[in-house]
Amino acid sequence: MVVQERHRLPDATPDIALEADPAGEAGNSSAVPSGGRGFRFLYVVDAVTLFALMVAITVVRFGLDWPTYPRTHYLIGFGVATFLHMAVYYFGGLYEFEQRLGHRPWLPRAMLLTFMAVGGDATVTLLTGRYLMPRGNLVVLAVAGAVLISFNRWGARRVRLLRFGKPRMLLVGAAADIESATEHLADAEADAVVAGSLTDPALVIGEADRLDVTELLLLSGQPLEAIYPEPLGELELRNVGVFRRITPADTLLGLQRSRQIGGMPFVALRTHALPVCRLRFKRLLDLAYLALLAPLALPLTAAVAIYVRIVGGRGVLYRQERVGRGGAPFVLLKFRTMKRDAETNGPVLAASNDPRVMSGMGWLRRTRLDELPQLWNVLSGTMSLVGPRPERPQFVARLEREIAGYGRRHDVPPGITGLAQTQGHYQTDPGYKLGHDLQYVVNWSPVLDWEIMAKSLVVMARRNAR
């Protein structure tokens, strides 16, 4: 069995780094057999641990003579509960890629997610009337499960250290900062090695390859433009963790996800704001929302389609190429509200009171009902219900040149509505919209989506009243 430690497999998707990391992202760590994409060890270890724990708790309480139900009833329940717990752990981020330095404590996260999973066990019982396990077992499972899941990650980090050796760090910054950091790291990071140092960030790729480093530490408060988007993207492809030391001025930004390395505060830098597990969770939520909205959305869409056909004539749907997640193009659907010759002279950004809008169609744009066909885009996976609004390729190319970090909004699928749409208007400056979009990308949660969808309904009602 061959392990891919440093480099991405040729057929791997751009968003999944394949590093043998049993201590962090099991979904990204792979011991790669010939002809396969790898076996996710930590998934199996956690699943076996949970199932064995459920059996052990029951044996301790009742011995081998389990009450009320046959043993197969309990074993099936344990299997269902294990699957539910693993799903909560996955979507809760316990299998995200984790850099080897300055790891966060696992127990608080594992405890929170285990309590959520135990709540899910109880919910299944309430909805189905079937007990997955004796009720008293849930209390013990909530505590012991979190402890054992945390222990698995501690053990996996130790295995990784033994198997691949100590992390090799490249220090980048002013000479005084490098000297000070070297002393701190020698005292506090016994499980890491300073492989070299560098004063010019532009040379990090060559030096990282020459020294075979696994981590890069930016020490002197270098501006993000010096590292993002390149060489940060190239370092990610090499599975090199990148950390930037937090300066006193940085604390004014309210940073929350810091970590200690050698007694110094750092923040991890990544090219993508959301890990794959959370994007998949967002996708599952979209499908669930579509199922709930279908009884209302289908007749409403049909009614608006009939109106557009009567008022605007043939060509009810308007198809336009837009830029989606990862910069990939897709075809966006809308109800046609503009004249057929609206862009005979080339693409034009929409404006307030746009003269190209047909008579009787302005209210559809104000209320965003012209976006209803994009529910099909959501169903097909090219869009989400909530996210940054997709722009046309011609505009994206220009905005990426003019606005630093514009491409970061493509970390998530574009949405029918978004934070920028609830806070601004069609004519809002792209730079201001980007600020809203990036806030959404960095802070995404299901609760934030609910808030934006609720605000979107309010915006639609207000604009319809005008």
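1. A good place to start is Gly93, which comes after helix H2 and has a positive phi, near 95°. Please keep in mind throughout that this is a predicted model.

2. Helix H2 itself covers residues 71-91. Its 21 residues should span 30 Å at 1.5 Å a residue, and the end C-alpha atoms lie 31 Å apart, so the expected and modelled lengths agree. Many of you will want to look at what H2 buries: the list includes His73, Tyr74, Phe78, His85, Met86, Tyr89 and Tyr90. Small residues appear there too, among them Gly77 and Ala81. The cover over these buried positions includes helix H1 (41-62), H3, H4 and helix H8 (276-312).

3. Helix H3 (106-128) can be read in the same way. For its 23 residues, 1.5 Å a residue gives a span of 33 Å, and the distance between the end C-alpha atoms is 33 Å, which agrees. Buried residues in H3 include Trp106, Arg109, Leu113, Val118, Asp121 and Thr125. H2 and H4 are among the elements that cover the buried residues of H3. Just after H3 comes Gly129, with a positive phi of about 75°.

4. Now to the surface. Leu107, Phe115, Val143 and Val147 make up a nonpolar patch there, with about 340 Å² of accessible area together. Helix H3 and helix H4 (135-164) each contribute at least two residues to this patch. Val143 sits in helix H4. Is Val143 buried or partly exposed? Its relative accessibility is 43%, so Val143 counts as partly exposed.

5. The hairpin of E9 and E10 deserves a look as well. Strand E9 (residues 317-323) runs antiparallel to strand E10 (residues 329-335), and seven bridges join the two. One of the pairs to check on screen is Gln320 with its bridge partner in E10, Leu332. Five residues lie between the strands, and in this hairpin Gly326 adopts a positive phi near 70°.

6. Finally, do have a look at Met358, in the loop between E10 and helix H9 (362-367). Met358 has a relative accessible area of 16%, and the cut-off for buried is under 20%, so this loop residue counts as buried. Which residues does Met358 contact, leaving aside its neighbours within four places in sequence? They are Gly312, Arg336, Thr337, Met338 and Lys339. As for Thr337, its C-alpha atom is separated from that of Met358 by 6.0 Å, with the two residues 21 apart along the chain.

Methods
Residues numbered from 1 in each chain as written. Predicted model: local features only at pLDDT ≥ 70, side-chain atom pairs only at ≥ 80, totals over all residues. Heavy atoms only, no water. Patch = residues over 30% accessible without salt bridge, like charges linked within 9 Å, V, L, I, M, F, W, Y side chains within 5 Å. Areas by Shrake-Rupley, 256 points an atom, 1.4 Å probe, with all protein chains shown as cover. Salt bridge = Lys/Arg side-chain N within 4 Å of Asp/Glu carboxyl O. Helix = DSSP H or I, 4+ residues; strand = E, 2+ residues; numbered from the N terminus. Buried < 20%, exposed > 50% of the residue type's maximum accessible area, 1.4 Å probe, protein only. Pairing = 2+ DSSP bridges. Expected span 1.5 Å × (residues − 1). Contact = heavy atoms within 4.5 Å.
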